[in-house]
Amino acid sequence: TKGKVRVAVGRASDFFGPGVLMSAMGAQVLKPVLRGKAAGVLGNTDLPHTYSYVPDIGRALVLLGEREEAFGEIWHLPSAEAVSTRDLVTMMFAEVGKKPKMRAASKWMLQFVGVFNPMVREVIEMLYEFEEPFIMDNSKFTNAFGDISTPLPQALQATVDWFRVNQ
């Protein structure tokens, strides 16, 4: 019908994966991990957080575009189980056979750097996601279409492998 658009909205959490450079789990984490240096992370590292694997996001968005029942709905896209940032980064270090090290940027440090760097100012706006548990419930998607998320160890292995070759 004229004037009507069929839309399905897919929402993902903070993302990581092969080729992902600019994210909370992008190059500022993976490059130091590969060198055995401290990974730069945000907020409270001990709180559970949902991280979305980019290939899972892509598969889920394609599925939503192909399925009639997806239209007119908002979907939290599938992700592996929520883990703490500390656990996720520790798993990355284990993947490269190095001892885990990380440093969490404090809010005041980000505010100081944000005076000079507009990208950091944007990070401050989203910092709340890392100062309290941030868990996305994807059960609506999983119940409708099945669980298509990649297990976390497999997703981390593919991510680390990509960064090894492309750093």
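These exercises work through the cores, the largest pocket and the salt bridges of a predicted model.

**Exercise 1. The largest nonpolar core**

Task: Find which residues of the largest nonpolar core touch the most other members, and which elements each supply at least two residues.

Solution:
- Step 1. Start with the background. Nonpolar side chains tend to be buried together in soluble globular proteins.
- Step 2. Take the members. The largest nonpolar core has 27 residues. F16, M25, V29, L88 and M92 touch the most other members.
- Step 3. Map the core onto elements. Three helices, α1 (27-35), α3 (85-96) and α7 (152-166), each supply at least two residues. The strands β3 (39-42) and β5 (51-53) each do so too.
- Step 4. Look for another core. One of 9 residues lies apart from the largest. Its members include I57, L64, A70 and W75.

**Exercise 2. F16 and V54**

Task: List what F16 touches beyond four places in sequence, then decide whether V54 is buried, partly exposed or exposed.

Solution:
- Step 1. Set aside residues up to four places away. F16 then touches M25, Y51, S52, Y53, V54, L152, A155, L156 and T159.
- Step 2. Pick V54 from that list. V54 sits in helix α2.
- Step 3. Apply the cut-offs. Buried means under 20% relative accessible area, and exposed means over 50%. V54 has 29%, so V54 is partly exposed.
- Step 4. Read the contacts of V54. Without neighbours within four places, V54 contacts F15, F16 and V20.
- Step 5. Check a distance. V54 and P153 are 99 residues apart along the chain, and their C-alpha atoms are 14 Å apart.

**Exercise 3. The largest pocket**

Task: Describe the largest pocket by volume, by closest residues, by elements and by residue class.

Solution:
- Step 1. Volume. The largest pocket holds about 800 Å³ of space.
- Step 2. Centre. The lining has 28 residues. S23, A24, Q28, L42 and V123 are the closest to the pocket centre.
- Step 3. Elements. Two or more lining residues come from each of β2 (14-16), α1, β3, β8 (102-105), α4 (107-114) and α5 (118-125). The most come from α5, with 4 residues.
- Step 4. Class. The lining counts 20 nonpolar, 4 polar and 4 charged residues.

**Exercise 4. Salt bridges**

Task: Give the number of salt bridges, then place the pair D46 and R86 in the chain.

Solution:
- Step 1. Recall the principle. Side chains of opposite charge can pair when their charged atoms come close.
- Step 2. Count. The structure holds 6 salt bridges.
- Step 3. Take D46 and R86. Their closest N and O atoms are 2.6 Å apart.
- Step 4. Place both ends. D46 lies in the loop between β3 and β4 (48-49), and R86 lies in helix α3, so the pair ties together parts that are 40 residues apart in sequence.
- Step 5. Check exposure. R86 has a relative accessible area of 35% and is partly exposed.

**Exercise 5. Two further pairs**

Task: State where E73 and K140 lie, and how exposed E69 and R67 are.

Solution:
- Step 1. E73 and K140 form a salt bridge, with 2.7 Å between the closest N and O atoms.
- Step 2. E73 is in the loop between α2 (54-66) and β6 (74-76), and K140 is in helix α6 (residues 139-145). The pair links parts 67 residues apart.
- Step 3. E73 is partly exposed at 32%. K140 is partly exposed at 37%.
- Step 4. E69 and R67 meet in a salt bridge at 2.8 Å, N to O. E69 is partly exposed at 42%. R67 is partly exposed at 32%.

How values were computed. Residues are numbered from 1 along each chain as its sequence is written. This is a predicted model: local features need pLDDT of at least 70, side-chain atom pairs count only at pLDDT 80 or more; totals for chains, interfaces and linings use all residues. Side-chain values use heavy atoms; hydrogens and water are left out. A nonpolar core is a set of buried Ala, Val, Leu, Ile, Met, Phe, Trp, Tyr and Cys residues joined through side-chain atoms within 4.5 Å. Buried means under 20% relative accessible area, exposed over 50%, partly exposed in between (1.4 Å probe, protein chains only). Contact means heavy atoms within 4.5 Å. On a 1 Å grid over the protein atoms alone, a cavity is a set of points where a 1.4 Å probe fits but cannot get out, and a pocket is an open set with protein on both sides within 12 Å along at least five of seven lines; lining residues have an atom within 4 Å of a point. Grid points are joined across faces, edges and corners, and a volume is the space filled by probe spheres set on the points. Ala, Val, Leu, Ile, Met, Phe, Trp, Tyr, Cys and Pro count as nonpolar, Asp, Glu, Lys and Arg as charged, and the others, Gly among them, as polar. A salt bridge is a side-chain nitrogen of Lys or Arg within 4 Å of a carboxyl oxygen of Asp or Glu.
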